[in-house]
Amino acid sequence: MGFKKWIGAVTAGVLLSTTLMLTPAVQAEKNHTIADESIYDLLVDRFFNGIGANDDELVNAKDPAMFAGGDFNGLIKKLEYISGMGFTTVSIGSVFATEKYDGSMVTSYSTLEKHFGTEDELKEVVKKYNDLDMKVMVDFPISNVSPNHEWASKPNFVASSKDGQIQWDLANAEVQKALIDAAVQFVNTYDINGMRLTNIENADVSFVNTLIDELKEVKPELYVISNTESDAHFDAKFYADTEQLYRGALKNVDLNTTVLDTHIEEFITGKDVPTQVMIDNVWTDRFTLDAEKEKMYPPTRNKIAVSTALLLPGVPVVQYGTEIAMNGTAGEEAHQYYNFKTDSELVDYIGKLQTLRNSSETLRNGEFKWLKNEDGYMVFERKSDTETWIVVINNSSKTKRINIPVSELGEGKELRGMFDSEIIRTNKDENYTVILDREMVEVYQVIEARGINTSYIVALSLVVVIYTIFMIVIIKRGRKRRAEQAQAK
């Protein structure tokens, strides 16, 4: 092996040892539940146009009211982009034939929207995402559909009309059976991994539970959730106030963050299913809009907000475009066509954060304990029999510190920062003192104290010595060559 290759090999070894030092331990994990997932919520039409063959005169990306061209092929072509951010589930909205890009004017439960693609292409989306251990979730609107829906002429199916949509008579046994059959057939046909039941406000809980049971009879591991508060046995709870609580607490610094605890207790005490956690959703104003109204810097606000949603207990649901600080009021303005040419700093950050979350069952579902939660400064512990993590989110206007006593974490430990590689050991007061700048996030793994990393120092010293020798040899060779050239003249 040549000198240069030898140096490269030694250097690579040093870098590898550093990487391993900062990588969380891989745990033997339980069977996954929805509490282990993170959901990326998008609209097919607004994401990426993968093929032009399904575009027609109704496609005009410059007109926000019309179809923009996003399709199933686009989801496949941008698969690695979404998986790179670490999301484990992609929610793609309603995919049924519709008169409006967002699926709010569905005309059929048996036909796919032609602008999105074919049956085979949707099946390919599910397969490709599943191959990368990602799940695909689809919206199923059980009411509020187009007056031109294929069922609209059926006797006693329509109960009312409002805002240009019709509402099914959800108390009608025939309607209930038709909806259940359509939903079950869809799951059977496309083998999707999740279904979000929307527009369930007028549905009786017993009917919704029957629908859920029938879906799980077909596919027991199917996740079923909703975007409406309900007592039905969904896999994850939806609370109407969650989004407002999070955006209200995180749109600026030094705000009351104790409100974020509102729906955590019932989950961590094992009394209920996890809560869907979000800072906005596809039916609301963008969180960025709130940040701008507060005259705050949107990328930083979104970083803090997404970190909080991903790290606090619950099922994080992140709207597409959050990672590029997409803006707009609810509806068409908030549903901008995705711009993949924007800065990727937050995209990369989310990917690194989720690498930690996805690799540690403790970080997702471990015992939760607040160590501090006051005016935007949040410090909490996630703990299991095998791991302990400390998460610090400083959403305040000042540098903050916390003294974590040895009695909390144990003797002979040290805290390893996952982002800045900071090492925190006990001080003379028997505390682990964590100091973090304003508007910053850090995740610390609590491990056995290693002291000075001798092997790393030795390896690094070896690289320096070898490099020095190499440079000396090169210099001597240069001098010898010049001397020989001088003699030749």
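Six strands form an open sheet in this predicted model. Their order is S10-S11-S12-S17-S14-S15, and the pairing is antiparallel. Strand S10 (367-374) and strand S15 (423-424) stand at the edges. Each has a single partner strand, so one side of each is left without a neighbour in the sheet.

**The sheet and its helix**

- S10 pairs with strand S11 (residues 377-383) in the antiparallel sense, and 7 bridges link the two.
- Across this pair, tryptophan 370 stands opposite phenylalanine 380 in S11.
- Helix H10 (residues 298-311) packs on the sheet. The helix touches S11, strand S12 (388-394) and S17.
- The direction of H10 makes about 40° with that of S17.

**Glutamate 439, beside strand S17**

- Where is glutamate 439 placed? This residue sits in the loop between strand S16 (431-436) and strand S17 (440-448).
- Is glutamate 439 buried or exposed? Its relative accessibility is 15%. Buried means under 20%, so glutamate 439 counts as buried.
- Its side chain makes a polar contact of 2.9 Å with the side chain of arginine 301.
- A polar contact of 2.6 Å joins the side chains of glutamate 439 and arginine 438.
- Leaving out residues up to four places away in sequence, glutamate 439 touches Val253, Met296, Thr300, Arg301, Ile304, Asn394 and Ser396.
- The phi angle of glutamate 439 is near 50°, a positive value in a residue other than glycine.
- Most residues other than glycine have a negative phi.

**Serine 421, beside strand S15**

- Serine 421 lies in the loop between strand S14 (413-417) and S15.
- Its phi is near 60°, which is also a positive value in a residue other than glycine.
- How much of serine 421 is accessible? Its relative accessible area is 40%. Partly exposed covers values from 20% to 50%, so serine 421 counts as partly exposed.

**Two other loop residues**

- Serine 94 is placed in the loop between strand S2 (89-91) and helix H4 (119-131).
- Serine 94 has 7% relative accessibility, so it counts as buried.
- Which residues does serine 94 touch, not counting those up to four places away in sequence? They are Gly103, Val106, Phe116, Asp139 and Pro141.
- Alanine 152 is found in the loop between strand S3 (135-141) and strand S4 (158-162).
- Alanine 152 is partly exposed, with a relative accessible area of 24%.
- Not counting residues up to four places away in sequence, alanine 152 touches Pro147, Val158, Ile166 and Trp168.
- Alanine 152 and isoleucine 166 are 14 residues apart in sequence. In space, their C-alpha atoms are 8.2 Å apart.

**The whole chain**

- The chain has 489 residues, and 51% of them count as buried.
- Its secondary structure comes to 14 helices and 17 strands.
- Take the contacts in the chain with a separation of 6 or more. Residues 24 or more positions apart account for 70% of them.
- The chain exposes about 22,500 Å². Carbon and sulfur atoms supply 51% of that area.

Note on methods:
Residues are numbered from 1 along each chain as its sequence is written. This is a predicted model: local features need pLDDT of at least 70, side-chain atom pairs count only at pLDDT 80 or more; totals for chains, interfaces and linings use all residues. Side-chain values use heavy atoms; hydrogens and water are left out. Helices (H or I, at least four residues) and strands (E, at least two) are DSSP runs, numbered from the N terminus. Buried means under 20% relative accessible area, exposed over 50%, partly exposed in between (1.4 Å probe, protein chains only). A polar contact is a pair of N or O atoms within 3.5 Å; within protein, one must be able to donate a hydrogen and the other to accept it, and residues adjacent in sequence count only if both atoms are side-chain atoms. Contact means heavy atoms within 4.5 Å. Two strands pair if DSSP finds at least two bridges between them. Axes are lines fitted to C-alpha atoms, for helices over the stretch in contact, and angles run from 0 to 180 degrees between N-to-C directions. Accessible areas come from the Shrake-Rupley method with a 1.4 Å probe; for residues, only the protein chains shown count as cover.
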